[in-house]
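Trainee: I'm new to this one, could you walk me through it?
Mentor: Gladly, have a look at it first and then ask away.

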Amino acid sequence: MSQSASRAIGRPLVGRSKRVLPGFGLSLGISLLFVSLVLLLPVTGLVVETSGMSWDQFWFVITDPRVVESYKVTLWTALSASLFNGLFGLLLAWVLVRYDFPGKRLVDAVVDLPFALPTAVAGITLATLFAETGWYGQLLARLGLEVAFTPLGIVVAMAFTSIPFVVRTVQPVLEEIAPEDEEAAMSLGARDARVFRKVLFPALWPAIVTGVALSFTRSLGEFGAIIFIAGNTPYVSEVTSLMIFVRLQEYDYAAASAIASVVLITSLTLLFLINLWQSRYLRRLEGRR
Amino acid sequence: MSIVVDGISKYFGNFQALHDVSLELPEGKLTALLGPSGSGKTTLLRIIAGLESAERGRILFNGQDVTALHVRDRNIGFVFQHYALFRHLTVAQNIAFGLDALPRRERPSKPEIRKRVAELLEMIQLPHLANRYPSQLSGGQKQRVALARALATQPRILLLDEPFGALDARVRKDLRRWLRALHDEFHFTSVFVTHDQEEALELSDQVVVMSQGRVEQVDAPAALYARPDSRFVFDFLGHVNVLSGRIQGQVLRQGEAWVRLPGQPPEQDAQLYLRPHEVRLVPKPTPHACLPFTVEAVSLIGAEVRVELSPAGWESEEIWEVGISHGEFARQPLARGDRWYATPDVGHLFLAHAEKPDTLHWEPAHYLEAAGSGI
């Protein structure tokens, strides 16, 4: 027995994994396969579909005046919505982290509602609420504000569907900020505004930017919630995702893919740039300049 | 600036963290708040700073009531255990923070701030690290930067919450000396919280011992060590050897152990507290005492030889410790398992229901001859 034991101990670990967690090869393989099937393949399909067009055709489709107008509408509404979410999401995260109040758990859960709700349901609900006869619509009409079936409605729908991105990225960072940092700043004579501006905000900044960027890119592609409230008037309140849908309805798959590729490239570039900026910012904080 | 703590009580929910604490911290002195965790020392410090508010009582700076004043208006310097440096600011920016935060009419000009920061960096001996970020510094460096930052606005009061708690022993010793020198140079009133009795006794002019939200004793370090006021302070200030027994006639007895007491206390239960340096080891019982022991361990590290003893023929809750000099040890070495007897020079007797001890002295001269050479 002692012989077999010593043999077992003496056996060299040739070709065997020395990692603590087993199954690295298998899990990586499954992940890559999944990424390829679910994410890369459709994107490839998009490229293949588009590549059937000549460069001139491609350019013609994506610079169609009505489409260009939809870019503008989409960009400014998405920007407004995500900036609004940056402010409101920060406030919401702040309240959820810093204060204790009855029903806090519930509010925390409700934040995720836009993710859980089918976007079409959200769109129909918002359209009903903001319509001239709706609860909010009536009040806003008195103020002379029209939301439903205008670009403002697009902003509302976009803000609604993407608010969780900001809250959920800012919240954990806010939780991690030690109360001592604020106390230290106050003991050094700083007023509240200065404490926020000089101590809290720089720590939250990367998370806010990420949240806003996610919210923005999500808004660029939002479809379901918007079409019910936007009114979809050509040149006024048509978003790019609607243009893609219209092309699909016309069975013009190539044109649809061409427009889609514009959205895709914009989103990817933005996310990539933000990632790059953020890693540099954080590297500085962690002292690995 | 002197600090007066007047009848402070503090609750956290139903838990009372401080019970009617009153203290006077004289101007220009370095005071230690010493106590085990949960004794309320940090809470008291934070109330003095204004980072925490009390349910009852007042805080006075130089006779002026500051209880209602916000921390930012109290003009104190506060140093946190974990430094609390702003990690997105450089060392120089951290130090300048308090100066930049001053209202415009009091704020020095940009070049003056730069000059002041340079001076402070010189003072903490880190001028070469001005443009580093906190994450690039060691713990000791961080704490020095935190100190410089707290001192930048020239507060009259410096409050430190376990300032050396997160540092390793070597750095801690250095920083302690450095803080003492700094204090002697600038003469602000300092209060620091610690659970390390050695740190408190070494560094401070006055020690406030706290336990369970109450002040147990306030004294200068030497007086505190010489005359602890209560069982708690004894237990807390280093090791203490205890003989619990009953006084009959003139003798405190338990099992085979006995000590003859000077004076004539009435018959009752009592405890005799003896500190490691107040006891001698002798090979035979003396006329004063018979405290038989078996030597358990001998530790040669440090300025003294520390001998651990377990009672033979009687009982003690904790093991006894006796310190002897290396010279004595060389003359008469002790080995593990040997039988020795202890005899007291000075002792502190707690009678059954007494809060405070009676200090007793025994004349050493004659028994040494009777018992042969003792150590």
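Mentor: We will go through the contact between the chains, then salt bridges, then domains, keeping in mind that this is a predicted model.

Trainee: OK, how many residues does the contact take from each chain?
Mentor: Chain B contributes 24 residues to the contact and chain A contributes 21 residues. Between them the two chains bury about 2,300 Å², with 56% of that area on carbon and sulfur atoms. On the chain B side, the residues that lose the most area to chain A are B:R72, B:H88 and B:F97, which together make up 31% of what that side buries.

Trainee: And how many salt bridges are there between chain B and chain A?
Mentor: The count is 3 salt bridges between chain B and chain A, and there are also 5 residue pairs in polar contact between these chains, counting pairs with both residues at pLDDT 80 or more. One of the salt bridges pairs A:D192 with B:R72, where the closest N and O atoms are 2.6 Å apart.

Trainee: Which elements of chain B supply at least two residues each to the side that touches chain A?
Mentor: Those are strand 6 (76-79), helix 2 (91-100) and helix 4 (139-151) of chain B. Helix 2 of chain B gives the largest share of that side, with 3 residues. By type, the residues of the chain B side that touches chain A divide into 12 nonpolar, 6 polar and 6 charged.

Trainee: Switching to salt bridges in general, how many are found over all chains?
Mentor: Searching the whole structure gives 32 salt bridges over all chains. Within chain B, for instance, B:R176 forms a salt bridge with B:D196, and their closest N and O atoms are 3.9 Å apart.

Trainee: Where do those two lie?
Mentor: B:R176 lies in helix 5 (residues 169-186) of chain B, while B:D196 lies in the loop between strand 8 (189-194) and helix 6 (197-203) of chain B, so the pair ties together parts that are 20 residues apart in sequence. Both B:R176 and B:D196 are buried, and they belong to a network of salt bridges that links B:R172, B:R176, B:D196, B:E199 and B:E202.

Trainee: What about B:R246, which residue does it form a salt bridge with?
Mentor: B:R246 forms a salt bridge with B:E267, with the closest N and O atoms 3.7 Å apart. B:R246 is in strand 11 (residues 241-248) of chain B and B:E267 is in the loop between strand 13 (257-260) and strand 14 (268-274) of chain B, so this pair ties together parts that are 21 residues apart in sequence.

Trainee: Is B:E267 buried or exposed?
Mentor: B:E267 counts as exposed because its relative accessibility is 52%, whereas B:R246, at 33%, counts as partly exposed.

Trainee: Last topic, what domains does the assignment give for chain A?
Mentor: For chain A, the domain assignment gives domain 1 (24-53) and domain 2 (54-287), with their C-alpha centres 27 Å apart. The contact between them takes 6 residues from domain 1 of chain A and 13 residues from domain 2 of chain A.

Trainee: How many salt bridges are there between those two domains?
Mentor: The count between domain 1 of chain A and domain 2 of chain A is 0 salt bridges. The two domains bury about 690 Å² between them, 80% of it on carbon and sulfur atoms, and A:L46, A:E49 and A:M53 supply 78% of the area that domain 1 of chain A buries against domain 2 of chain A.

How values were computed. Residues numbered from 1 in each chain as written. Chains lettered and ligands numbered in written order. Predicted model: local features only at pLDDT ≥ 70, side-chain atom pairs only at ≥ 80, totals over all residues. Heavy atoms only, no water. Contact = heavy atoms within 4.5 Å. Buried area = accessible area lost by both parts, 1.4 Å probe. Salt bridge = Lys/Arg side-chain N within 4 Å of Asp/Glu carboxyl O. Polar contact = N/O pair within 3.5 Å; in protein donor to acceptor, adjacent residues only side chain to side chain. Helix = DSSP H or I, 4+ residues; strand = E, 2+ residues; numbered from the N terminus. Nonpolar A, V, L, I, M, F, W, Y, C, P; charged D, E, K, R; others polar. Buried < 20%, exposed > 50% of the residue type's maximum accessible area, 1.4 Å probe, protein only. Domains from an automatic or database assignment.
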